[in-house]
Amino acid sequence: MTFFETLADRIAETNSVVSVGLDPDPSRLPDFASDSDLPRWAFNRRIIDVTHEHAACYKPNAAFYEDADGWRALRETVAYAEGKGVPVLLDAKRADIGNTTRRYAEALGWADAITVNPYMGRDSLQPFLDREEKGVFVLCRTSNPGGEDLQGLELASGEPLYERVAALADVWNAHGNVGLVVGATAPTELAELREIVPEIPFLVPGVGAQGGDAKAAVDHGLADHPDVNINVGLVNSSRGIIFAGEASSAPDDEATYFGAAGDAAKRLKKRLNRHR
């Protein structure tokens with residue numbers, strides 16, 4: 001099955017388009033996770049246990065794993081999530097040329113999808129695009145304030161750069177495995193991009209700690225993908241779910257701490273489903 005077929009099945013099974021970002025910042029891990037040999041893995045395992053019934057996907061960000069123990073924790077996390085039946089999207093934002101990008105693409109041997117950076121053009125993405133069964137999410141209009149610095153620049157044609165990226169992604173989508181990353185903090189751009197690429201699913205970050213527009217994320221983030229019989233797309237929250245326990249009534253109690261993460265995932269699912 002292709003990634004988007006797998007994702008469509010998962011969305012239907014869970015009635016959810018929630019992507020849970022697994023970004024275990026070591027400085028924020030509770031003591032009862034830090035006591036483990038692999039604290040990030042111990043933390044992620046508990047988060048997966050309490051959120052998997054509400055998660056359409058997990059999205060670990062590679063930045064939180066780029067050391068020897070981190071890579072071990074990431075591999076364990078991916079295997080555990082997939083054992084729960086949840087696909088994994090590696091948020092790595094990779095791309096390069098030649099042998100380098102082919103090496104980067106090997107990460108798709110053990111993840112179901114990946115985010116990539118289009119700045120270097122098609123040849124830098126081709127090894128990812130050639131993995132027909134894997135999802136490839138191209139950065140387009142990101143949720144950070146500085147995204148406008150380059151993404152909003154007007155080209156000679158009169159279109160902003162992010163619209164050109166979307167149009168190119170449509171061309172690159174020969175295998176039906178391309179998605180776009182479009183932030184919930186840019187609802188106007190979300191709507192514009194959906195008109196340009198009606199069949200490409202979006203990964204929409206920014207509805208949690210960044211305060212993005214949940215309605216716009218659902219209205220415009222989900223696509224009527226031609227290969228599946230359900231609208232597909234993902235709306236991501238990371239810190240707003242995995243660290244919800246910090247604000248719980250008893251943050252030093254393990255069950256209460258992780259229970260808050262499960263509750264946060266459930267609330268986000270319900271919030272998004274009101275707009276589906």
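This is a short tour of the structure, stop by stop, with a selection to make at each one. The model is predicted.

**Stop 1: the sheet**

Show the strands in cartoon view. Eight of them form an open sheet, and the pairing is parallel. Trace the order across the sheet: 2-1-8-7-6-5-4-3. In general, strands of a sheet pair through backbone hydrogen bonds.

Now select residues 57-60 and 89-94. These are strand 2 and strand 3, and they stand at the edges. Each has a single partner strand, so one side of each is left without a neighbour in the sheet. Next, look at how the strands are turned. Neighbouring strands of this sheet are turned by 30° against each other on average, direction ignored.

**Stop 2: strand 5 and its two neighbours**

Select residues 135-141. This is strand 5. How many of its residues are buried? Seven of its seven residues are, so "mostly covered" is the description for strand 5.

Add residues 113-116, which make up strand 4. Four bridges join strand 4 to strand 5, and the two run parallel. Find alanine 113 and look across to strand 5: glycine 135 stands opposite.

Follow the chain from strand 4 to strand 5. The path goes through helix 6, residues 122-129. This β-α-β crossover is right-handed.

Then add residues 178-182, which form strand 6. Strand 5 and strand 6 pair in the parallel sense over five bridges. Two pairs are good to click on:

- Leucine 139 has valine 181 in strand 6 as its bridge partner.
- Arginine 141 has valine 182 in strand 6 as its bridge partner.

Stay in strand 5 and pick phenylalanine 137. Its relative accessible area is 1%, so phenylalanine 137 is buried. Now pick phenylalanine 202 as well. The two are 65 residues apart along the chain, yet their C-alpha atoms are separated by 7.8 Å.

**Stop 3: helix 9**

Select residues 187-196. This is helix 9, which packs on the sheet. Helix 9 touches strand 5, strand 6 and strand 7, the last of these at 202-204. Compare directions: that of helix 9 makes about 175° with that of strand 7.

Which residues of helix 9 are buried? They are Glu189, Leu190, Leu193 and Arg194. These buried residues cover an arc of only 140° around the axis, which puts them on the same side of helix 9. Turn to the other side of helix 9, where Thr188 and Glu195 are exposed.

What do the buried residues of helix 9 pack against? Show helix 8 (161-172) and helix 10 (214-221), which are both among the partners. Strand 5, strand 6 and strand 7 complete the set.

**Stop 4: two cysteines**

Select cysteine 57 and cysteine 140. A search of the whole structure finds zero disulfides. Cysteine 57 is in no disulfide, and the nearest cysteine sulfur, that of cysteine 140, is 19 Å away. Why is there no bond from cysteine 140 to its closest cysteine sulfur? At 19 Å, the sulfur in cysteine 57 is too far for a bond.

Are these cysteines buried or exposed? Cysteine 57 is buried, with a relative accessible area of 0%. Cysteine 140 also counts as buried, at 3% relative accessibility.

**Stop 5: the loop after helix 1**

Go to the loop between helix 1 (3-14) and strand 1 (18-22), and pick serine 16. Serine 16 counts as buried, at 0% relative accessibility. What does serine 16 touch? Leaving aside residues up to four places away in sequence, the contacts are Ile11, His54, Ala55, Ala56, Lys269 and Arg276.

Pick lysine 266 too. Serine 16 and lysine 266 are 250 residues apart along the chain, and their C-alpha atoms are separated by 9.2 Å.

Step to asparagine 15, in the loop between helix 1 and strand 1. Asparagine 15 is partly exposed, with a relative accessible area of 42%. Check the backbone here: asparagine 15 has a positive phi of about 50°, although it is not a glycine.

**Stop 6: back to an edge strand**

Finish at lysine 93, which lies in strand 3. Lysine 93 has a positive phi of about 50° and is not a glycine. At 39% relative accessibility, lysine 93 counts as partly exposed.

Note on methods:
Residues numbered from 1 in each chain as written. Predicted model: local features only at pLDDT ≥ 70, side-chain atom pairs only at ≥ 80, totals over all residues. Heavy atoms only, no water. Pairing = 2+ DSSP bridges. Axes fitted to C-alpha atoms, helices over the stretch in contact; angles between N-to-C directions. Contact = heavy atoms within 4.5 Å. Buried < 20%, exposed > 50% of the residue type's maximum accessible area, 1.4 Å probe, protein only. Arc of directions from axis to C-beta. Disulfide = S-S within 2.5 Å. Right-handed = clockwise from strand over helix to strand, strands pointing away.
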